[in-house]
Structures are given as structure tokens and as C-alpha cells.
Amino acid sequence: MEKDDKHHIIPFGVYIKVLALLLLLTAITVVAAQFNFGPWNTVIAMAIASIKAGFVLAFFMHLRYDDKMYLVCFGTGVFFLIVL
């Protein structure tokens, strides 16, 4: 059984769109930091950071297009980080 070793080439425009989205989310983080949400400050900051990390993982680290086993390995690491 041969495995398909073809690489997925992501168009440059996708990287630009993800970069623009990351910059927008960074601006939202800066604006959100100017307000006092009480105990929700940390939750809001972590939610925005998690969304940004998800985009970096999916596009810049190519988890969206790679073999799904890499995603399982990453998810397992995150799971044990949360548990421990």
C-alpha cells in the first residue's frame, strides 16, 4: 500500500488573509484590554488567544492539510497538558 506523498501548496493569498485576520484579532485584544470586564478579563483574553493559536496551527503549521495523525498527536499533547 503506497502512501500519497504529495504536498499541498497553499496560495499566497491565504497567508495574507490569515495574517490580516491575526492582526485584526490582535487589535481586538488591545481594545478589549482597555475595558474592565471584571472576572471575564482573563476568559476573553484567553479566548482571543486560542482563536489566534488555532489559525496559526491550521495554516502556518499546515495542520489543516497534513495527515490527520499529526492533529491527533497535537490534540493528545494538549489533552494531557490540561489533565496534568
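**Exercise 1. Where is I10 found relative to α1?**

Solution. We're working with a predicted model here.
- Step 1: place the residue. I10 sits in the segment before α1.
- Step 2: check its accessibility. The cut-off for buried is under 20% relative accessible area, and I10 comes in at 9%, so it counts as buried.
- Step 3: look for its partners. Skipping neighbours within four places in sequence, I10 is in contact with Y15, F59, H62 and Y65.
- Step 4: try one pair. I10 and T29 are 19 residues apart in sequence, and their C-alpha atoms are 28 Å apart in space.

**Exercise 2. Check the span of helix α1, then work out which residues face inward and where they lie around the axis.**

Solution.
- Step 1: get the expected length. Helix α1 covers residues 12-33, and at 1.5 Å a residue its 22 residues should span 32 Å.
- Step 2: compare with the model. The end C-alpha atoms of α1 are 32 Å apart, which agrees.
- Step 3: list the buried set. In α1 that's V18, L22, L25 and A32.
- Step 4: see how they're arranged. These residues cover an arc of only 80° around the axis, which puts them on the same side of α1.
- Step 5: recall the general pattern. An α-helix has 3.6 residues a turn, so residues three or four places apart point the same way.
- Step 6: flip to the other side of α1, where F12 and L23 are exposed.

**Exercise 3. Describe how α1 and α2 pack, and say what the contact is made of.**

Solution.
- Step 1: find the cover. The buried residues of α1 are covered by elements including α2 (41-60).
- Step 2: pick the descriptors. Two packed helices are described by the angle between their axes and the distance between the axes.
- Step 3: read them off. For α1 and α2 the angle is about 170°, and the axes are 10 Å apart.
- Step 4: classify. Angles over 145 degrees count as roughly antiparallel, and α1 and α2 are therefore roughly antiparallel to each other.
- Step 5: name the residues. On the α1 side, the contact is made by V14, Y15, V18, L21, L22, L25, T26, I28, T29 and A32. From α2 come I44, I48, I51, K52, F55, V56, F59 and F60.
- Step 6: sort by class. The contact of α1 with α2 has 15 nonpolar, 2 polar and 1 charged residues.

**Exercise 4. Repeat the length check for α2, then follow L57.**

Solution.
- Step 1: α2 has 20 residues and reaches 28 Å from its first C-alpha to its last, close to the 28 Å expected at 1.5 Å a residue.
- Step 2: the buried residues of α2 are I48, L57, A58 and F59, and they pack against α1 and α3.
- Step 3: zoom in on L57. With 18% relative accessibility, L57 counts as buried.
- Step 4: leaving aside neighbours within four places in sequence, L57 is in contact with H62, L63 and F74.
- Step 5: for a pair across the sequence, take L57 and F79, which are 22 residues apart along the chain and 16 Å apart in space, C-alpha to C-alpha.

**Exercise 5. What is the sign of phi at H62, and is H62 buried or partly exposed?**

Solution.
- Step 1: locate H62. It's in the loop between α2 and α3 (68-83).
- Step 2: know the baseline. Most residues other than glycine have a negative phi.
- Step 3: read the backbone. Phi of H62 is near 65°, a positive value in a residue other than glycine.
- Step 4: check exposure. H62 has a relative accessible area of 28%, so it's partly exposed.

Notes
Residues are numbered from 1 along each chain as its sequence is written. This is a predicted model: local features need pLDDT of at least 70, side-chain atom pairs count only at pLDDT 80 or more; totals for chains, interfaces and linings use all residues. Side-chain values use heavy atoms; hydrogens and water are left out. Helices (H or I, at least four residues) and strands (E, at least two) are DSSP runs, numbered from the N terminus. The expected span of a helix is 1.5 Å times one less than its number of residues. Buried means under 20% relative accessible area, exposed over 50%, partly exposed in between (1.4 Å probe, protein chains only). The arc is that of the directions from the helix axis to the C-beta atoms. Contact means heavy atoms within 4.5 Å. Axes are lines fitted to C-alpha atoms, for helices over the stretch in contact, and angles run from 0 to 180 degrees between N-to-C directions. Angles under 35 degrees count as roughly parallel, over 145 as roughly antiparallel, 65 to 115 as roughly perpendicular and the rest as oblique. Ala, Val, Leu, Ile, Met, Phe, Trp, Tyr, Cys and Pro count as nonpolar, Asp, Glu, Lys and Arg as charged, and the others, Gly among them, as polar.
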